[in-house]
Every structure is written in C-alpha cells, then in structure tokens.
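Colleague: I am new to this structure and should be grateful for a close look at a single part of it. Please describe the surroundings of the bound ligands, and then set that part in its wider context.

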Amino acid sequence: MSALYSVLIADPIHESGRNILDSDARIRADVETGLDEGALVARIGDYDALIVRSKTKVTRPVIEAASRLRAVGRAGIGVDNIDIPSATERGIVVFNTPDANATTTAELSIAHLMSLSRNLPQADRAVRGGEWKPARYSGVELSGKTIGVIGFGTIGRLVAERCAALKMRVLAYDPFVAPEIMSGHGAEAANLETLLASADYVTLHCPLSDKTHHLLDARRLASMKPGARIVNCARGGLIDEVALLDALRNGHLAGAALDVYEAEPPTGSALLTLDNVVFTPHLGASTEEAQQAVSLRIAEDMIKFLTTGAAETAVNLPRVTADQLTQTGPYQGLAYALGRLVGALCEGPISRLDVHLFGRVAELDSRPITAEALVGLLSQRMTGRVNRVNAGHLAREQGIEVTESRTEEARDFVSLVEISAQCCGQTTTVAGTLLGGSHARLVRIDGYDVEAVPKGNFLFTRHQDQPGVVGALGSILGRENINISRMQVGVGYDSDTAIALISISASLSAAAMDEIRSLPPIEQAVGFAL
Ligand SMILES: NC(=O)c1ccc[n+]([C@@H]2O[C@H](COP(=O)([O-])OP(=O)(O)OC[C@H]3O[C@@H](n4cnc5c(N)ncnc54)[C@H](O)[C@@H]3O)[C@@H](O)[C@H]2O)c1
Ligand SMILES: O=C(O)CC[C@@H](O)C(=O)O
C-alpha cells in the first residue's frame, strides 16, 4: 500500500519517534534537517505534515509555500519558531508536546541555580588549569534565600516545588494563574514589581511572544534587588541582553545563568566575556528521557491527527480530546450540513451565526459542533481551504459574530441542532437532528417542517402558496433532464408563503435558475449542494 500521508522531519528527533512513523504503512516520513528558509520553501509543498524542534523556523513564506500542509508538530514546548497567525490563516494546525520535556528543563534550571551560586563552571575550569584557590570560588547558600518564578505554568511549578524543597522562599508572578494554585506548589503570589525588588534569584518560565519580548528590560533589571542573580532556561528574547550586560558589568546584578539567547548561538556576544555568567547551549530539553518522550509523543500525536483529525495539544484550536471528537462526530457532520444550508439560503453578507443545541446534544462539548457549522457556512461561500483551524479567523475577517448556546431540555427531538444566521436584517433558521444517533436529518427551515437527508444537490424555493408552482418547477427540471428524488413542500401556518425543498440528481444551470426565479409566484430560489 502506498503511503497516504507524507511527513517531513526537519530537525533531529530521537529515533523512537521516527521508528513509530516508519512502522506505520499510512505514513511516509522523510528526515531532512538543516534546511534554511529557501530550501524549506522549495520542499514543503510535497508534505502533509512537518515536525520541527526549535532550530527550524516555520516562517510565513514557508507556510505560504505549504500548499498541502495540514499540521506542524513541535517536538518540544516553545512554539515561538512557528508563525502561528500565518498557520491559522491557512488552516494549518500547530501542536506541541507540552509536558514531555518539562521535568528535564526544570532540572536544568535547578542545576543553573546551583552552578551560579557555587561558581561550579569557573571552579571546574580553574582546577583543570592547575589552579587551587578555593577562596576565589566561594559561593552563596540557596537555603533561606528568595527566588522569584516568572511564569507559573508546567515548568515554573516544577521549579517552585524544587526550590521550596531547597528551603527557599518562593514568589511567583503569572498574570493568568490564581494565587491558590501558586500556594499549592509552595509559592506565594506576587506582582512583578514586588518579585523583582525582593528576589535574590529570578528564574524565567514564560513563553516568548510579542507581549513578553524584553519582559526584563533595562528598567526592570534596574528594579531588581542589588546583588540578585538571574536564571533563564525559557527564551533568550525575554531579557534585553544589552541591558543585562550593563547590569552585570556595573555590579548591580551578581550573576546570570543562561541556556537561551536572543540569537542562537550567541556568537560574538559580549556576555561571553563575563566571568559571572554561566552558559549552556539551549540544553533545557536535552536528556535521553526528555528527547525520547518528546519524540514518541510528537510521532503518536501526528499519526493521530493525520488519521483522525484529533489534536489534543493544538495551540491554534480549542483543545478537544479524541473521545470528545468521537462523541460529537455525527453532530459535527450535521452542523456542517446545516452551516452549508444556511450559507446557501442567505444571499448576502452574514453578520451573525447563532448555534443552539437542544436536548442530549447540549450535554456534549459544543465547540467542535459550532466550529463545523462555521466551516460549512464558509465552505459554501469561499473557494480556498476552510477548516476548523482557520474558520474563526475567516469569520472574523468577514465580520461574522459567532455565538453558541444550549438548552438541555429537548425540543421536539431528543437532540436538535439549530443554526440561525442574520443576513441583511433578516434571520434564517435551519435545524436538524440525528435519527438512530447517527443519520443526519434536516427537520426545519424557517419554521417549516421538512424531512430531508442533507446530502447531494437541492433546489429550494420560497413562493406564493398557489396552484401550479410545483408543476412549473417540475417541467423546468424535466426539460433540464434532472431527476427529482424527493420533494418536500411546506405551507406557512399564518402566511400564504410556502417553501419547496427538492432533492435533485444534478446541479441546475444558471439559465435554469434564472428561469425559475422569473416565475411570478417565486420569491426566492436557490440551488445548492450539501
Ligand atoms: N530551554 C529549553 O530547552 C526549554 C525547554 C522547554 C521549554 N522552554 C521554554 O519554557 C517556556 C515555559 O514552558 P512551560 O512548559 O512551563 O509552558 P506553560 O505554557 O506551561 O507555562 C507558561 C506560563 O507562562 C505564563 N505567562 C504567559 N505570559 C506571561 C507573562 N507576561 N508574565 C508571566 N507569566 C506569563 C502563562 O500563564 C503560563 O502559565 C516555554 O514557552 C519554552 O519557551 C525552554
Ligand atoms: O528542541 C529542543 O531541544 C529545545 C526545546 C525547548 O526549547 C522547548 O521549548 O521545548
């Protein structure tokens, strides 16, 4: 069997993950490391998926050249080497391996804390050079000191627990984490100013983004406690290295331990000339255990994504488990069809889409269902790739506000998915259900009861309820050599407007549609495929 999916592994990963990919007959995995942007642009068009660590930069030009790419898997945590907005716009899911190297990185932070306090690298170099001057490498104790942890996610928490065990006082700053969680890991919540002013050590564990770039700038470094030390095993760009150099040179800070740099490698950096700085070459994730864990995880998750669409650690999608996807799967198909239907019935710009779940379906995770409704709506109106990764972005671009709501009480059906769209001051509402838990049925259009399998070609009309309309439609369809497999006619309870929903064997030509629209009783006629 020839492989269904091609995966490019662009940075070295542990062989365990490669073996998993290689042993899956559905996958063809090519390893090509060290590609620069131009080379990656030239190669990426052949692949469904890309796996990287931190070296390969997945830039906008790479994403734009990636005509069939569906996923970028980051074998690690930080995704700052991937242009996430570009990937999202193109409907490419990005996922990482959030916990797989966290312990290893936390341990390197503790190792740096210790080597910084006890001058281990300097003392090692001295002994190797034949020098024996213990007093020169005298250090400081950690016990009783205060450490400030900036970023209290997976790694920050592991570091905090370890520092608490070393009898340090731990302060934590993270604008998105509650103080109770911090205290649960042995840390006291602090604001950034207090943390910087009172900590003997500051350790960084937040992601690099536009918001955290130069989080420690000259002003914040100057506000640190005199004689404090910094450990950075997160990302180089979090600290302004020029300001750090100044603070270390002028003695305001006693030292720094750095695993990451603004430019890697930090060739020519003046920091390298300072004796009170400890350096490692982005080693945070480099243990056998972490590399194996990261590699296995990315390979397994990539196979799962390519074959089922589940991406539990996606950074540009709501996190949905494979179980949640399975439970909501049939409703997603229904919501997609309803989205396409409403997209066809509304013949102008849509300003709002409301997805309402009634009955049992309201107990499920609504996000994949809403996402598919939006994908259906947009795919009815756009030609490019639309999927649940970029549907939200595309909807925002088109000015469509999306809401979702749920009512656990059943409304006529055990489960009902209802979608309403606001278009040109009017609301169009369609609803559907699942028969036997898996067979999608369209059951309502704007208050008219119908029963149709939402699949194939349709002609929909809204017309004056008077004799002869159905016959006139039938004769145009007959002349076009189009079969009718099913016809639903609905009459309004309190109006003289009726609808017809006709399942047809092929799509109607533009001329035939114009002819139908010109029939005097016809108020609206739309041909579409679901
Ligand atoms: N040196 C290495 O090899 C290595 C290895 C693994 C991870 N990392 C880096 O470590 C970072 C943290 O990893 P993690 O697994 O703990 O990530 P995480 O997502 O679990 O935690 C990051 C935390 O930072 C917080 N945060 C976001 N913005 C903040 C801000 N402005 N100020 C303070 N906190 C903020 C978030 O709320 C979150 O709690 C990663 O983003 C990655 O860049 C480096
Ligand atoms: O790939 C690596 O070795 C580094 C990974 C690390 O920076 C991460 O963010 O997970």
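Modeller: The account below begins with the two ligand shells and then turns to the cores and some backbone details.

The model is predicted, and what follows should be read accordingly. Around ligand 1 there are 33 residues, of which G78, G151, G153, P207 and G284 come nearest. By class, this shell divides into 17 nonpolar, twelve polar and four charged residues. Two helices, helix 5 (102-118) and helix 7 (154-165), each supply at least two residues of the shell around ligand 1. Helix 7 gives the most, with three residues. As for the position of ligand 1, domain 1 (5-99 + 289-308) and domain 2 (102-279) both contribute residues to its shell, so ligand 1 lies between these domains.

Ligand 2 is surrounded by R53, S54, G76, I77, G78, N101, H282, G284, A285 and S286. The shell around ligand 2 comprises two nonpolar, seven polar and one charged residues. Two names recur here: G78 and G284 belong to the shell of ligand 2, and they are also listed among the residues that come nearest to ligand 1.

The wider context includes the nonpolar cores. The largest nonpolar core has 54 residues, and L338, A373 and V417 are the members that touch the most others. Helix 13 (residues 322-345) provides the largest share of this core, ten residues. Both domain 3 (320-455) and domain 4 (457-530) give at least three residues to this core. With residues up to four places away in sequence left out, V417 touches Y331, L334, A335, L338, L357, V361, I369, A431 and G432. A second, separate core holds 52 residues, including A106, A187, L215 and V260.

Some backbone details remain. The peptide bond from E264 to P265 is cis, with omega near -5°. P265 itself is found in the loop between strand 11 (253-258) and strand 12 (277-279). K167 is not a glycine, yet has a positive phi of about 70°. This residue, K167, sits in the loop between helix 7 and strand 7 (169-173); helix 7 is the helix that gives the most to the shell around ligand 1. K167 counts as exposed because it has 11 C-beta neighbours inside 10 Å. D412, likewise not a glycine, has a positive phi of about 65°. The loop that holds D412 runs between strand 14 (401-407) and strand 15 (415-423). With 12 C-beta neighbours inside 10 Å, D412 also counts as exposed.

Note on methods. Residues numbered from 1 in each chain as written. Chains lettered and ligands numbered in written order. Predicted model: local features only at pLDDT ≥ 70, side-chain atom pairs only at ≥ 80, totals over all residues. Near = placed C-beta within 6 Å. Nonpolar A, V, L, I, M, F, W, Y, C, P; charged D, E, K, R; others polar. Helix = DSSP H or I, 4+ residues; strand = E, 2+ residues; numbered from the N terminus. Domains from an automatic or database assignment. Core = buried A, V, L, I, M, F, W, Y, C linked by C-beta atoms within 7 Å. Buried ≥ 20, exposed ≤ 12 C-beta atoms within 10 Å, placed from the backbone. Contact = placed C-beta atoms within 7 Å.
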